[in-house]
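Biologist: Hi! Could you walk me through this model? I'm new to reading structures, so plain words please.

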Amino acid sequence: MDEDTPHDRMDVSGRATNAVQARSVRDVHFHGPSPYQGKIAPPCLWGAVPDIAPGYQPRATTTALPTTSGCTVVFGTAGVGKTQLVAEYAHQEWNGNRVELLAWITATSRADLVSGYTALAQALTGREDPDLAIQLLFSWFATTGTRWLVVLDDIWRPRDIENLWPPSSPVGRTIATTRRQDAAFQTPGRSYVELGLFTPEQSRACLEERLRGRQDLLRGVGAIGELVSHLPLAIGQVAAYIADRGLTCEAYAVRWDDRRRTLKDLFPPQTELLASERAVATTWALSVDRANELAPRGIAGKVLDIAAVLDANGIPESALVSAAVTKYVGTDATQDDLSDALGCLTRLSLVTRTGQSGQIRVHSLTQRATLESMAPGDRATCVRVAADTLLEVWPDTDTTKPLSPDAIALAEVLRANAIALAEVAGPALWTRGGHDVLFQVGNSLGDAGQHEAAADYFRDLHSTATEHSGPDHPRVLLARYKMAYWQAVAGEDGAIGKLQQVLAEQERVLGAGSPDALLTRHNIIYLQAEAGETDTAITSGEELLAGLTALLGREHRDTLALRHNLAHWRAESGNIGTALTELDDVLACQVSTLGPHDIATLTTRYNIAHWRARGGDITTALDELRQLLPLQIDILGPQHPDVLNTRHNIAHWRARSGDITTALDELRQLLPDQTRVLGYNNPVTKTTRGYIAYLQYQLR
C-alpha cells in the first residue's frame, strides 16, 4: 500500500473533512517514466465519434480534408454541420481501413482538451503522470508508423489549444472544428476550410430524405429551406417536427409565421441575432411544444432546461434522470418518465443519444434558445438543479476500492459539464460561498493525477470566490487551502510556507480548533516529515492529536490516520517497538470502525508486517503478509501495484529467512505480471530482475 501523498475528502457541505491518509511503506520504490505499454493498441477507435444524422447531405468541402497527412481547421457558424462533416469523413476513413488509430477529442475548453489527451495517452502508453503522458503521446504521434487521425471537435478559443496541436507526421492527420475565424488558426502548413449553410438543393434533399415514404407531407417543401435560412440544424428539427406531427411542409410554414410573431419576446431588443439563430429559436419552440405533448406530457421541456446549462458535447444520461432532476420536474414524475422524456427530445432532434456511451448531446444553439426563453429566476433554479445532479452522479472516491475505468471516464465527463455550467451560471452558484460542485471539479482533477491542473483550478476559484464573498469567507479560505494543498501534492517549492499562511488565516477567522485549521496543520506536519524533519513532525503531531481527539474522537478516520502516521514516524526514527504497539492499537480501531476490508485497514496491516520484519521478526511478518495478500487481491484486483508489491516483499523476506529456492520461484512468477502491468523498463521490474539474478548467484 502506498499513500505517500496527502489526500483529503469532501463531505456534502464541501468542507475538507480528513487529513492526509496513513502513510504506507514500500520495500520496492516506484520512480521514473512508464514505457510505451498501455491498455489499447492500434488498430483502435478511441472516443465517441458521433453517428451520422438522418438525411445527412455530403458537402463539397469534404474534398479539402487531408487524405494522408496534414492539419485542417473546419470553421463555420453554429449549426452548419461541422461536427457531422468531420464525423462522416472519420467514419469513411476508419471503415476504409485508411487509418489505424482514430481519436475523437472534445476541445470545448483547455481542460477538456488536456483531459482528453491525458486519457488517450494513459490508455495508449500506460503512463499515469498526465504531463509526461501527453509528452509521450505527442512523441508517439511524431515517430510512429501507425496511420493516425485525431479530431479536435469544437474549439472555442485559440488560446485553449496553444502548444497542444498534435505534431506533424507523414502518417498522421489532425482535423479541428471551430466557430472562430481567428488568424491564430491560420498558420503555415495548416489548411483552413469554411463550411457554410445548405444550398437550396441540399435543404430540399435533406427534407425529402427525412420524410421518405411520406410523400403527402412534401407539399410546399421548396419553401422550408428559405424559411429556416438553410441552416442544417434547423432543417433537421423541422423535418422531425413535420414527420412526428403529420403536417405538410406548407402547413408547417403557416405555423412558423404564427409562432414567429410571438417568439420575438424571447430576445431582448438590444440583442442582435443572426437570421440562422432566429430560425433555430423558432424551430426549437415548436419542437419543444410537440415534445411536451408526447407522453409523459409536460416533462421533456423541463429536462431540456437542465440540459441547456450543461456541456453541449456530452451530458451523462444519468445526470438527466437523477433524483435532483426528478424533484425539479415535479408532478410525481419518476426516473422512467425522465428517460422517456429524453426519448421524446431525441425524436424531435432536440438532443442526440450517442450510441453506447450513455451521453446526451445538445446543440449549442438549441441550448441558447432554451436559455433565452427562461426568466432570470428560472435560469438560476436550473443552474442549481444542474449542479446538484452533477454531484449526485459523481463517482465516490471515498470507497474501499479504486475507481473503475468507467467511473474514471464518468468523472472526466462530469468535470467538463461542471465547467460548462459555471460559464453560464453567473451568481447562481455563489450563494452561501459557492456550490460544492465548484470544489468537486478541482478535487476530481487532483484525484485523476492532474495535480498542477487542480492547483491552477483552485487558484482561479479562489479569485472568483473572493470577488463574490470577500477574503474572509470560510469557503474562500477553503479554496485557498485547496490551492496550496494541490501545489504541495504537485511538489511545488515553498508548499509548507503556503500552507502555513493559509493556517494563519484559518486560525484568525475560524479559530485554532476549527476542523479546517486542524486539517491544514496535519498536512503541514506530514510535509515536514517527508522533508526529513521527523522529530519536529512527531512533536507537532502529538499536539495535533490531542486537538483531533477532542474534536472528533479517538476512533474517527482522521484521528486514526494521524495516529498511524505518528507510529510510522516513530518507526522511522528507530523506535520500532513502540511503533508496532501503536499500529496494533490503530488496526484494532480500524477493524471495528472502518471494517476489515477498508483500504486504510489494509494499509495498516501491511505496514505492521513491514516494521515487524524490519524489527527482526521475519517469521511472523511473513505470516501476516501471506494472510494480507488474498484480501488485497479481492479488494484491489490481482494486477494492482500494491498487490504486486506485497508479492515481491513476501519473496524478499522469504529469501531473507533462508528459503531462497521458494523465493526464486515466487519472483519468477511475479516478473511477467510486473512486466505486463508496469512495463519492462519500470524501476520496480528492473529491481525484480536484478534480485532474481542476485538470488541465483547466492544459490551457486
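Modeller: Happy to! The chain has 28 helices and 9 strands; helices (H or I, at least four residues) and strands (E, at least two) are DSSP runs, numbered from the N terminus. This is a predicted model, where local features need pLDDT of at least 70 and side-chain atom pairs count only at pLDDT 80 or more, while totals for chains, interfaces and linings use all residues. Residues are numbered from 1 along each chain as its sequence is written, and side-chain values use heavy atoms, with hydrogens and water left out.

Biologist: How much of the chain counts as buried?

Modeller: Of its 700 residues, 54% are buried. Buried means under 20% relative accessible area, exposed means over 50%, and partly exposed is in between (1.4 Å probe, protein chains only).

Biologist: And what share of the contacts joins residues 24 or more positions apart?

Modeller: Among contacts with a separation of 6 or more, 69% are between residues 24 or more positions apart. A contact means heavy atoms within 4.5 Å.

Biologist: Cool. How many residues are in the largest nonpolar core?

Modeller: That core has 125 residues, and those with the most contacts inside it are Y252, L304, L310, L320, L345 and L421. A nonpolar core is a set of buried Ala, Val, Leu, Ile, Met, Phe, Trp, Tyr and Cys residues joined through side-chain atoms within 4.5 Å.

Biologist: Which helix gives the most to this core?

Modeller: Helix α18, residues 474–489, with 10 residues. In α18, 14 of the 16 residues are buried, so the helix is mostly covered. From first C-alpha to last, α18 reaches 22 Å, close to the 22 Å expected at 1.5 Å a residue; the expected span is 1.5 Å times one less than the number of residues. After α18 comes G491, whose phi is positive, near 85°.

Biologist: Back to L421, what does that residue touch?

Modeller: Not counting residues up to four places away in sequence, L421 touches V309, L310, V383, A386, A387, L390 and L429. There is also a second, separate core of 30 residues, which includes A103, Y117, L120 and W165.

Biologist: V383 and A386 rang a bell. Which residues are buried in helix α14?

Modeller: The buried ones in α14 are A380, C382, V383, V385, A386, A387, T389, L390 and V393. An α-helix has 3.6 residues a turn, so residues three or four places apart point the same way. Helix α14 covers residues 376–393, and what covers its buried residues includes α9, α10, α11, α15 and α16.

Biologist: Let's do helix packing. At what angle do α2 and α15 pack?

Modeller: Helix α2 (residues 110–125) and helix α15 (residues 405–425) pack at about 175°, with their axes 10 Å apart. Axes are lines fitted to C-alpha atoms, for helices over the stretch in contact, and angles run from 0 to 180 degrees between N-to-C directions. The two helices are therefore roughly antiparallel. For the words: under 35 degrees is roughly parallel, over 145 roughly antiparallel, 65 to 115 roughly perpendicular and the rest oblique.

Biologist: Which residues make that contact?

Modeller: From α2 they are A111, D112, S115, G116 and A119, and from α15 they are E412, R415, A416 and I419. By class that is 4 nonpolar, 2 polar and 3 charged residues. Ala, Val, Leu, Ile, Met, Phe, Trp, Tyr, Cys and Pro count as nonpolar, Asp, Glu, Lys and Arg as charged, and the others, Gly among them, as polar.

Biologist: How about α9 and α12, at what angle do they pack?

Modeller: About 85°, with the axes 9 Å apart, so α9 and α12 are roughly perpendicular. Here A300, V303 and L304 in α9 meet L338, A341, L342, C344 and L345 in α12. The residues of this contact are 8 nonpolar, no polar and no charged.

Biologist: Switching to single residues: is L137 buried or exposed?

Modeller: L137, in helix α3, is buried because its relative accessible area is 0%. Leaving out residues up to four places away in sequence, L137 touches Y117, L120, A121, L124 and T125. The C-alpha atoms of L137 and A121 are 5.3 Å apart, though 16 residues separate them along the chain.

Biologist: And a charged one, E93, buried or exposed?

Modeller: E93, found in helix α1, counts as buried because its relative accessibility is 7%. Apart from neighbours within four places in sequence, E93 is in contact with T67, R98, V99 and R173.
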